[in-house]
Amino acid sequence: MNRLDGKVALVSGAARGIGAETARLMAEAGAKVAIADVLDERGRDTVRAIESAGGEAMYTRLDVTREEDWNAAITAVTDRFGGLDILVNNAGVFLGMSLEEATLADWHRLCSVNLTGVFLGTKLSVPALRESGQHSGHGSAIVNLASVAGLVGSSNDPLYSMTKGGVTLFTKSAALEFARKGYRIRVNSIHPGTIDTDMGDQVLAIRARNLGTNDLEPARQQTLKRIPIGRMGTVTDIAKGIVFLASDDAGFMTGAGLVVDGGITAQ
Ligand SMILES: NC(=O)c1ccc[n+]([C@@H]2O[C@H](COP(=O)([O-])OP(=O)(O)OC[C@H]3O[C@@H](n4cnc5c(N)ncnc54)[C@H](O)[C@@H]3O)[C@@H](O)[C@H]2O)c1
């Protein structure tokens, strides 16, 4: 199950965190993977780690907010690997501010990565994904990183929640548009809970601040109490879900959201 043999994937924001682990698991599953990020050194390290484990990967610089970067990245990937079967819109930023603190500039910065980045990536990948979808049993695939904050409200970061809610419904709408047009491109989202990454640390720091301390431990304990499974998620927990959604095993899934949150939103 969950094999990606012969497929080509582009993962945005794959220098570290969930994106890097997704790229690693995709290469392990047989895909050729493009790591696309603004963190060049870290991105090249991720490529080297995949290559030294016997996988095939490349690095391409991509600021997801820039149309010209997307065009260059997609061209670089299709030139090197001969097509594009999978796009993972993973790059994202967290704000960690209350409604009253956030400025218009903060909002624009957040939107440009979390929303504009997903729109541009999806739009500009369509020609390549459409082409490869015609020759694949279950079509090509897009996986968007939403969040549990795109399903239920967030008292700590309402603006982040607004962007992830947008990703949740954009996923469904893009899936429907492509199906209506007869394109063989499946589009699904994944909804992580609190995951142990750099962003996960930012989330804990904000929770600590809202508890009136700089010590992360009380915030970690508060977070753990809210997770029925009793632990934070790992990057591997999420990457496995992404690989599944990208694989032909999810061939009858489009417009769906896969919740991987240790039970947070079941409550
Ligand atoms: N960590 C969590 O708890 C959590 C929970 C729910 C959803 N998510 C989502 O999962 C995704 C990955 O998060 P993560 O925890 O691995 O975060 P992270 O901060 O560890 O990694 C994010 C990556 O995105 C890259 N990035 C940021 N802005 C970019 C831009 N303009 N262009 C290209 N790359 C850019 C960063 O350089 C980094 O490599 C994000 O979309 C995030 O919102 C994370």
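Where does the ligand sit? I looked this up before anything else, and the ligand sits in the largest pocket. I took a pocket to be an open set of points, on a 1 Å grid over the protein atoms alone, where a 1.4 Å probe fits and which has protein on both sides within 12 Å along at least five of seven lines. I counted the ligand as sitting in the pocket if more than half of its atoms lie within 2 Å of the pocket's grid points.

**Basis of the entries.** I am reading a predicted model, in which local features need pLDDT of at least 70 and side-chain atom pairs count only at pLDDT 80 or more, while totals for chains, interfaces and linings use all residues. Residues are numbered from 1 along each chain as its sequence is written, and side-chain values use heavy atoms, with hydrogens and water left out.

**Ligand shell.** I then asked which elements give two or more residues to the shell around the ligand. They are helix 1 (17–28), helix 5 (158–180) and helix 6 (198–210), where helices are DSSP runs of H or I with at least four residues and strands are runs of E with at least two, numbered from the N terminus. Helix 6 supplies the largest share, three residues. I noted that 29 residues surround the ligand, the closest being Arg16, Asp37, Asn90, Tyr160 and Thr197; a residue is near the ligand if one of its heavy atoms lies within 4 Å of it. By class, the shell residues divide into 15 nonpolar, nine polar and five charged, with Ala, Val, Leu, Ile, Met, Phe, Trp, Tyr, Cys and Pro taken as nonpolar, Asp, Glu, Lys and Arg as charged, and the others, Gly among them, as polar.

**Polar contacts of the ligand.** For these I used pairs of N or O atoms within 3.5 Å. I found a polar side-chain atom of Arg16 at 2.8 Å from an oxygen atom of the ligand. On the backbone side, an N or O atom of Leu62 lies 3.3 Å from a ligand nitrogen, and a polar backbone atom of Val64 is 3.0 Å from a nitrogen atom of the ligand. Taken alone the ligand exposes 830 Å², of which the protein buries 94%; the areas come from the Shrake-Rupley method with a 1.4 Å probe.

**Thr122.** I placed Thr122 in helix 4 (residues 104–133), and its side chain reaches the backbone oxygen of Val118 at 2.7 Å. Is Thr122 buried or exposed? Thr122 counts as buried because its relative accessible area is 2%, the cut-offs being under 20% for buried, over 50% for exposed and in between for partly exposed (1.4 Å probe, protein chains only).

**Met26.** Met26 belongs to helix 1 and is buried, with a relative accessible area of 0%. I read a separation of 13 Å between the C-alpha atoms of Met26 and Ser12, which are 14 residues apart along the chain.

**Gly139.** The loop between helix 4 and strand 5 (140–145) holds Gly139, which is buried at 5% relative accessible area. Its C-alpha atom is 16 Å from that of Thr171, 32 residues apart along the chain.

**Ser98 and Ala205.** Ser98 lies in the loop between strand 4 (86–89) and helix 4, and at 28% relative accessibility Ser98 counts as partly exposed. Ser98 and Tyr160 are 62 residues apart in sequence and 10.0 Å apart from C-alpha to C-alpha. I found Ala205 in helix 6, partly exposed at 35%, and 31 Å from Leu10 by C-alpha atoms, with their positions 195 residues apart in sequence given as the separation.

**Asn2.** I closed with Asn2, in the segment before strand 1 (8–12), where phi is near 60 degrees, a positive value in a residue other than glycine. Asn2 is partly exposed, with a relative accessible area of 23%.

Terms used
A polar contact is a pair of N or O atoms within 3.5 Å; within protein, one must be able to donate a hydrogen and the other to accept it, and residues adjacent in sequence count only if both atoms are side-chain atoms. On a 1 Å grid over the protein atoms alone, a cavity is a set of points where a 1.4 Å probe fits but cannot get out, and a pocket is an open set with protein on both sides within 12 Å along at least five of seven lines; lining residues have an atom within 4 Å of a point.
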